[in-house]
Amino acid sequence: MFSCRNVLILLGPPGSGKGTQSAKLSEVLSIPAISTGEILRRECQSGSDLGRTVQAIITAGQLVSDDLMNRVIVSRMLEEDCRTGCILDGYPRTVSQAHFLDDLLNGRGIPEPTVIDFAVSMKEIVARLSRRRQCSACGRIFTAPLGGDPVRCDFDGSILSQRPDDHPKAIRARLELYRQNARDLHRYYSRRDYHRIDAARSTDEVLDEVMMILQRGARRPVQKIETALTATAAY
Ligand code: ADP
């Protein structure tokens with residue numbers, strides 16, 4: 001049972017399957033999956049000034065500032081559904097964000113996060129991203145078949161669309177940025193509760209491996225993060 005490692009961090013390049021796995025893990029573990037990319041995309045859709053600024057950054061394949069992301073993550077983790085834990089998909093993305101998260105968790109006595117790093121070759125990623133489609137209603141991610149294009153979501157029939165940052169120029173920019181930050185994040189977490197897994201396998205195989213890692217590590221007593229995080233409103 002996953003009952004003690006409250007915060008699970010999914011690291012890995014864009015297109016490595018973090019979004020797909022975090023949705024599955026969220027169901028299995030009954031803790032929310034927090035995708036910083038999704039939160040930002042919702043802000044963009046809201047049409048706010050902040051959304052317009054963020055949209056330009058995302059479309060160019062650049063990173064949003066650490067300060068904004070840290071504020072976003074604290075306010076999300078303060079929500080009621082995170083009281084027993086959460087899965088972080090897309091955060092931290094820089095060592096500065098990782099430091100911030102550690103300070104946040106340490107300061108509140110929340111156990112060390114478990115970090116799963118999804119390893120996939122760059123060739124596979126470019127192939128996956130150019131075929132990635134997302135449901136406009138439920139957010140589920142699909143891969144377009146070679147030579148074909150699925151138009152509707154299997155679950156709710158809504159239209160599938162391609163993300164504006166899944167075009168070749170932005171993909172290249174994101175991968176380059178990812179490479180720079182990944183080396184530092186790997187160094188930062190590698191001596192801790194860190195697990196690098198082969199993510200170029202079927203989604204079920206990857207899920208099984210993540211669950212095995214969590215089951216092996218689940219030895220510490222359950223800690224609710226509800227009370228520990230209540231004091232973070234100052235952030
Ligand atoms: P992907 O993993 O495919 O790049 P995401 O949905 O995780 O996509 O993120 C989309 C974009 O949102 C990123 O390219 C970046 O501009 C921004 N973003 C998401 N998370 C962060 C973060 N932690 N720090 C900075 N920028 C972020």
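Is serine 30 buried or exposed? Serine 30 is exposed, with a relative accessible area of 58%, where exposed means over 50% relative accessible area, buried under 20% and partly exposed in between, computed with a 1.4 Å probe on protein chains only. This is a predicted model, in which local features need pLDDT of at least 70 and side-chain atom pairs count only at pLDDT 80 or more, while totals for chains, interfaces and linings use all residues. Residues are numbered from 1 along each chain as its sequence is written, and side-chain values use heavy atoms, with hydrogens and water left out.

**Overall make-up**

- The protein has nine helices and eight strands, these being DSSP runs numbered from the N terminus, with helices (H or I) of at least four residues and strands (E) of at least two.
- Of the 235 residues in the protein, 46% are buried.
- Among contacts (heavy atoms within 4.5 Å) between residues at least 6 apart in sequence, 75% join residues at least 24 apart.

**Nonpolar cores**

- A nonpolar core is a set of buried Ala, Val, Leu, Ile, Met, Phe, Trp, Tyr and Cys residues joined through side-chain atoms within 4.5 Å; the largest one here has 31 residues, and those with the most contacts inside it are Ile9, Ile34, Met77, Leu88, Leu101 and Tyr189.
- At least two residues of this core come from each of strand S1 (7-11), helices H2 (36-45), H3 (49-59) and H4 (66-77), strand S3 (86-89), H5 and helix H7 (168-189), and the largest share, six residues, is supplied by H4.
- Apart from this core lies another, of 21 residues, which includes Leu29, Val120, Ile197 and Ala199.
- Isoleucine 34, when its neighbours within four places in sequence are left aside, is in contact with Ile39, Ile73, Arg76, Met77, Cys82, Cys86, Ile87, Leu88 and Asp89.

**Helices H4 and H5**

- H4 has 12 residues and reaches 16 Å from its first C-alpha to its last, close to the 16 Å expected at 1.5 Å a residue; the expected span of a helix is 1.5 Å times one less than its number of residues.
- For the 13 residues of H5 (residues 95-107), the expected span is 18 Å, and the end C-alpha atoms are 18 Å apart, which agrees.
- In H4 the buried residues are Leu68, Met69, Asn70, Val72, Ile73, Val74, Arg76 and Met77, whereas in H5 they are Gln97, Ala98, Phe100, Leu101, Asp102, Leu104 and Leu105.
- Two packed helices are described by the angle between their axes and the distance between the axes.
- The axes of H4 and H5 come within 10 Å and cross at roughly 35°, the axes being lines fitted to C-alpha atoms over the stretch in contact, with angles running from 0 to 180 degrees between N-to-C directions.
- The crossing of H4 past H5 is right-handed, meaning that the near helix is turned clockwise from the far one by less than a right angle, whereas an anticlockwise turn would be left-handed.
- H4 brings Asp66, Met69, Asn70, Val74 and Met77 to this contact, and H5 brings Ser96, Gln97, Phe100, Leu101, Leu104 and Leu105.

**Individual buried residues**

- Aspartate 102, in helix H5, is buried, with a relative accessible area of 7%, and it touches Gly107, Pro113, Tyr188 and Arg192, not counting residues up to four places away in sequence.
- Valine 115, in strand S4 (residues 114-119), is buried, with a relative accessible area of 1%.
- Leaving aside neighbours within four places in sequence, valine 115 is in contact with Ile9, Leu11, Tyr189, Asp193, Tyr194 and His195, and its C-alpha atom is separated by 8.6 Å from that of valine 7, 108 residues apart along the chain.

**Helix H2**

- Thr36, Ile39, Leu40, Arg41 and Cys44 are buried in H2, and the buried residues of this helix pack against S2, H3, H4, S3 and strand S5 (132-135).

**Backbone features**

- Serine 30 lies in the loop between helix H1 (18-29) and strand S2 (33-35), and its phi is near 55°, a positive value in a residue other than glycine.
- Glycine 47, which follows H2, has a positive phi near 80°, and glycine 109, just after H5, takes a positive phi of about 65°.
- Tyrosine 91 and proline 92 are joined by a cis peptide bond with omega of about -5°, and proline 92 lies in the loop between S3 and H5.
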